[in-house]
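Biologist: I would like a close look at one part of this protein, set against the rest of the chain. Here is what I have in front of me.

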Amino acid sequence: MFKRLLDVKRKELLQDVEKTVSEMTGHDESFADPSDRASWESEASRDLRIRDRERKLVEKIDQALSRIADESFGECEECGEMISVGRLKARPVTTFCIACKSDQEAKERQPNHGA
């Protein structure tokens, strides 16, 4: 179930990357109006940020697929307990159960006293 879900999502993300590259490289970069160029550059920058986030998600998907292959998928990295199916359905690339992820986020919100 999760392997198929991850494979489909990975394929969609890679198709989006190809589409973005095609659109950016196939675009005529001569602009009569500087504001048109600025608008295009702003959109291109936004698209590249989105694609970078998607690239990172593809990496997480690849890691999740590796965990499926080695049969460690669904095991919390922190406590070793099994992650709930509901959490995995919502975020199949997760590596933490809800309790451990909540603890991690709480620690991240605490001010750094040592720095």
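Is Lys 11 buried or exposed, and at what relative accessibility? Please go on from there to the surroundings of that residue and to the core.

Modeller: This is a predicted model, and what follows should be read as such. Lys 11 has a relative accessibility of 55%, and because the cut-off for exposed is over 50%, Lys 11 counts as exposed. The residue belongs to helix 1, which runs over 2–25.

Some context for the whole chain helps here. The protein has 4 helices and 0 strands, so the pattern along the sequence reads α-α-α-α. The radius of gyration is 20 Å, whereas the globule rule gives 13 Å for 115 residues, so the protein is more spread out than a compact globule. The C-alpha trace spans about 60 × 45 × 20 Å along the principal axes. Of the 115 residues, 23% count as buried. The accessible surface comes to about 8,400 Å², and carbon and sulfur atoms account for 50% of that area. As for charge, Lys 11 is a lysine in a protein with 21 positive and 25 negative charges, whose mean positions are 4 Å apart.

Two distances place Lys 11 relative to other parts of the chain. Gln 110 is 99 residues away along the chain, and the two C-alpha atoms are separated by 38 Å. Phe 73 is 62 residues from Lys 11 in sequence and 20 Å from Lys 11 in space, again C-alpha to C-alpha. Taking contacts between residues at least 6 apart in sequence, 52% join residues at least 24 apart.

Helix 1 also takes part in the interior. The largest nonpolar core has 15 residues, and Leu 6, Ile 61, Phe 73 and Cys 76 touch the most other members. Helix 1 and helix 2 (34–69) each supply at least two residues of this core. Helix 2 gives the most, with 4 residues.

Ile 61 shows how this core meets the start of the chain. Setting aside neighbours within four places in sequence, Ile 61 is in contact with Leu 6, Lys 9, Arg 10, Leu 13 and Val 93. Arg 51, in helix 2, touches Asp 16, Val 17 and Thr 20, not counting residues up to four places away in sequence. Despite its charge, Arg 51 is buried, with a relative accessible area of 18%.

Phe 73 sits in the loop between helix 2 and helix 3. With a relative accessible area of 14%, Phe 73 is buried. Beyond its neighbours within four places in sequence, its contacts are Phe 2, Leu 6, Ala 64, Arg 67, Ile 68, Met 82, Leu 88 and Pro 92. Leu 6 is therefore in contact with Phe 73 as well as with Ile 61, where contact means heavy atoms within 4.5 Å.

The loop that holds Phe 73 also holds Glu 71, between helix 2 and helix 3 (85–90). Glu 71 is exposed, with a relative accessible area of 73%, whereas Phe 73 is buried. The backbone of Glu 71 deserves a check as well. Most residues other than glycine have a negative phi. Glu 71 is not a glycine, yet has a positive phi of about 65 degrees.

To return to the residue you asked about, Lys 11 is exposed and lies in helix 1, a helix that supplies at least two residues of the largest nonpolar core.

Technical notes
Residues numbered from 1 in each chain as written. Predicted model: local features only at pLDDT ≥ 70, side-chain atom pairs only at ≥ 80, totals over all residues. Heavy atoms only, no water. Rg over C-alpha atoms; globule rule 2.2 N^0.38 Å. Buried < 20%, exposed > 50% of the residue type's maximum accessible area, 1.4 Å probe, protein only. Areas by Shrake-Rupley, 256 points an atom, 1.4 Å probe, with all protein chains shown as cover. Charge placed at Lys NZ, Arg CZ, Asp CG, Glu CD. Core = buried A, V, L, I, M, F, W, Y, C linked by side-chain atoms within 4.5 Å.
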